[in-house]
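Trainee: Please choose one part of this model for a close look, then work outward from there. I would like a single connected account that I can follow against the structure on the screen.

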Amino acid sequence: MTGPVDRRRMSLRGREVASADFAARRRFLTFGAALAGGAVVGPVAAQAEEAFPPQDAPWSQMLGPGVVDRPYGQPSQFVKDVIRRNVPWLTASPESSVSFTPLQDQTGIITANGLFFERYHGGRASVDPQQHRLMIHGLVERPLLLTMEDIKRLPSVSRIHFIECPANGGMEWRAAQLNSLQFTHGMVSCAEWTGVKLSTLLAEVGLKKEAKWALVEGADAAHMDRSLPIEKCLDDCLVVYGQNGEALRPEQGFPLRLIVPGWQGNVNIKWLRRIEIGDQPWFTREETSKYTELMPDLRSRGFTWLIYAKSVITFPCPEKPPKGPGLYEIRGFAWSGKGRIAHVDVSLDGGVNWERARLEDPVLPKALTRFTHEWRWDGKPALLQSRAVDETGFVQPTISELRAVRGVNAIYNNNSIQTWQVKADGSVFDVQLS
Amino acid sequence: MSSCRKRAAVCLAMIAAAAATVMAANASAQQPHPAAHYGIGTAPTAAEIAGWSIAVRPDGQGLPPGSGNVDHGANVYADQCAACHGTFGEGTGRYPKLTGGSLKGDRPEPTVGTYWPYATTLFDYINRAMPFPSPHVLSADDIYAITAYILNVDNIVDNDFVADRNSLPKVKMPNRDAFMWQDPRPDTAAKECMKSCVDPKMIKIESTAEGKDLTPRTTGPLDAMKPR
């Protein structure tokens with residue numbers, strides 16, 4: 001039975017053994033040398049000294065752990081600070097609260113599943129997929145109760161879309177408050193979502209002609225719910241079970257959530273359990289008491305679902321300042337709930353002059369879009385801004401322009417231009433300009 | 001008399017009592033609908049739909065049978081709600097203030113009394129999500145009573161008000177007509193100017209986050225900054 005394949009296996013195995021033996025001898029020799037020299041330095045310090053050229057780094061001198069050492073992979077121990085973070089003073093309890101994505105460390109348009117921002121209204125539900133059901137009823141011809149297995153049998157699509165909480169930047173209406181990209185803009189994330197079109201499900205149940213609205217509701221402790229116009233449901237909404245190639249994370253509604261592309265985060269109901277079709281909205285607590293905007297004349301706006309064009313520079317930022325004068329690449333993200341980003345402009349002087357930034361492919365509708373711009377910093381103070389324009393021609397406004405119309409108590413839908421002040425020493429601060 | 005969940009249990013018990021009916025219902029529930037294209041899933045039974053249909057509309061659709069008055073509401077509220085929302089809805093710590101307040105001034109207080117457009121939403125939300133630490137334990141009667149109590153503290157209903165599926169839709173909330181349900185955006189008209197867009201002398205830093213002690217740290221372990 002010993003064929004060529006087996007001989008190759010034998011040979012490979014032999015090499016591994018030899019190499020392990022070699023590494024062990026190298027370690028022994030190093031240890032012996034340290035003892036002989038009478039060095040009191042610990043192994044970590046010794047390794048750090050040895051890691052640079054021309055030295056062969058310590059991790060090059062031994063075998064690393066083998067496959068399935070970590071059956072589910074984890075980020076490097078050296079990026080352990082790249083985590084979701086919260087503002088503890090912001091909310092009464094962490095179960096009805098928000099955490100922020102570290103955008104300062106997000107290198108592409110896809111947010112890592114473990115870093116996707118969280119927003120809960122009744123904590124993170126732990127749902128057993130075997131017992132999870134989606135009920136669709138109301139003004140339909142054929143009410144349906146679906147298992148996860150049923151839903152996964154239906155035709156599937158994958159789409160890359162951002163989700164942004166409309167309260168992103170909500171703490172900045174009055175003034176610059178938080179000196180951090182993560183906390184001023186981290187309530188936006190982006191993922192590839194896989195699931196079934198909501199229109200497929202609605203065709204399956206058969207809408208009655210009076211059907212105008214859908215109530216979408218979660219299985220969480222708050223039974224989070226919103227009313228959605230049926231046109232949007234039939235347009236591009238998705239009922240998804242996949243997030244970036246794996247099952248939805250519990251934080252994102254495992255096993256099933258709604259994706260309402262380009263609309264504010266809270267309508268993307270997580271742990272989706274029920275869709276009721278009706279002829280008028282329900283005016284739930286989350287679309288009356290919350291997620292409405294108080295205007296200066298004391299009237300309030302409701303059903304302001306759409307996320308208008310927005311952008312932010314992610315380098316430099318307060319967390320990632322430049323290190324002295326020289327050539328840098330300004331980097332950032334732009335997004336619009338109305339479609340594709342058409343272009344992004346960057347200003348280095350607080351909005352006096354603007355230059356066109358480069359958009360990095362892919363430029364997808366209702367998705368984070370990466371932009372870059374070459375910046376030769378002369379070491380003088382600078383006021384960095386980015387301005388997004390979407391394919392409808394909508395131009396991202398300044399905070400002054402927004403305040404002139406909406407005052408300072410709207411809380412939601414702050415899509416204003418962000419200004420980063422770069423001081424001569426390289427430190428970066430969140431500021432607002434007159 | 002019973003919460004929506006309990007109502008579902010009662011319905012199920014009734015169905016179980018009528019064995020023949022139950023068999024017929026189950027049989028039909030297991031059959032895919034012939035008119036559906038994919039023919040997957042099952043038809044939910046009336047009891048299954050009733051158990052989950054908790055949404056209440058301003059016209060009263062979805063409100064269950066039962067009722068509750070202000071006095072009973074004061075007692076239930078004291079037991080179930082006051083720890084977070086205060087004895088008279090004034091709120092504690094950062095938990096929401098429910099009553100009183102004003103929308104005017106520097107720090108508007110959007111409470112049930114000053115802000116909520118519909119009284120029915122109060123029943124829906126208490127039933128849906130409260131009490132916050134252990135939701136879905138209150139009976140419909142108790143929820144009607146708490147609703148009556150909160151509305152009474154805000155002087156929206158009289159002391160003898162009884163909340164039920166008929167009375168709640170008729171309550172006119174003070175702020176009902178102040179909402180615009182059509183999105184007026186775009187409400188800004190920024191132009192894409194590229195050169196000399198503003199006078200450099202006019203650019204002043206109006207506010208800065210520098211020196212404000214509000215930002216949690218973004219390196220190291222999570223910041224346990226105390227609520228302020």
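**Where the domains of chain A meet**

Mentor: In chain A, the C-alpha centres of domain 1 and domain 2 lie 27 Å apart. The model is predicted, and the contact between these two domains is the part to look at closely. Domain 1 of chain A covers residues 97–301 and domain 2 of chain A covers residues 310–431, according to the domain assignment. To their contact, domain 1 of chain A brings 33 residues and domain 2 of chain A brings 29 residues.

Start with the side that belongs to domain 1 of chain A. At least two residues apiece come from β5 (157–164), α4 (181–185), β6 (188–197) and β13 (293–294) of chain A. The most comes from α4(A), which supplies 4 residues. By class, this side of domain 1 of chain A holds 18 nonpolar, 12 polar and 3 charged residues.

A residue within chain A can be examined at closer range. Ile230(A) sits in helix α6 of chain A, which covers residues 230–235. Is Ile230(A) buried or partly exposed? Ile230(A) has 18 C-beta neighbours inside 10 Å, and a residue needs 20 or more to be called buried, so Ile230(A) counts as partly exposed. Once neighbours within four places in sequence are left aside, Ile230(A) is in contact with Ala211(A), Lys212(A), Trp213(A) and Ala214(A). For Lys212(A), the C-alpha to C-alpha distance to Ile230(A) is 5.2 Å, although the two residues are 18 residues apart in sequence.

Now turn to strand pairing in chain A, starting from β20 (residues 369–377). Strand β16 (residues 326–335) of chain A runs antiparallel to β20(A), and 9 bridges join them. One of the residue pairs there is Ile330(A) with His373(A), its bridge partner in β20(A). Strand β19 (residues 358–360) of chain A is also antiparallel to β20(A), with 3 bridges. Here Glu360(A) has Arg370(A) as its bridge partner in β20(A). In general, side chains in a regular strand alternate between the two faces of the sheet.

Taken as a whole, chain A has 7 helices and 23 strands. Of its 434 residues, 49% are buried. Among contacts in chain A with a separation of 6 or more, 70% are between residues 24 or more positions apart.

The next step outward is the contact between the chains, for which chain B gives 76 residues and chain A gives 76 residues. On the chain B side, the elements giving two or more residues are α3 (46–52), α6 (120–129), β3 (179–180) and β4 (205–208) of chain B. Helix α6(B) gives the most, with 5 residues. The side of chain B that touches chain A comprises 42 nonpolar, 15 polar and 19 charged residues. Strand pairing also crosses between the chains: β23 (residues 428–433) of chain A is joined to β4(B) by 3 bridges, and the two strands run antiparallel. In this pairing, Gln432(A) is opposite Ser207(B) of β4(B).

Chain B itself has 7 helices and 4 strands. Read from the N terminus, its elements follow the order α-α-α-β-α-α-α-α-β-β-β. Buried residues come to 34% of the 228 residues in chain B. For contacts between residues at least 6 apart in sequence, 59% of those in chain B join residues at least 24 apart.

One helix of chain B shows how its two faces differ in burial. In α4 (residues 70–80) of chain B, the buried residues are Val70(B), Gly73(B), Val76(B), Tyr77(B) and Gln80(B). These residues lie on the same side of α4(B) because they cover an arc of only 120° around the axis. They pack against β1 (67–69), α5 (82–85) and α7 (140–153) of chain B. The exposed residues Ala78(B) and Asp79(B) are on the face of α4(B) turned away from that buried side.

Last, the confidence figures. The predictor assigns the complex an ipTM of 0.88 and a pTM of 0.88. In chain B the average pLDDT is 88, and 84% of the residues score at least 70. Residues 1–28 of chain B have pLDDT below 50, and this stretch makes 34 contacts in the model beyond near neighbours in sequence.

Note on methods
Residues numbered from 1 in each chain as written. Chains lettered and ligands numbered in written order. Predicted model: local features only at pLDDT ≥ 70, side-chain atom pairs only at ≥ 80, totals over all residues. Domains from an automatic or database assignment. Contact = placed C-beta atoms within 7 Å. Nonpolar A, V, L, I, M, F, W, Y, C, P; charged D, E, K, R; others polar. Buried ≥ 20, exposed ≤ 12 C-beta atoms within 10 Å, placed from the backbone. Arc of directions from axis to C-beta. Pairing = 2+ DSSP bridges. pLDDT = per-residue confidence, 0-100.
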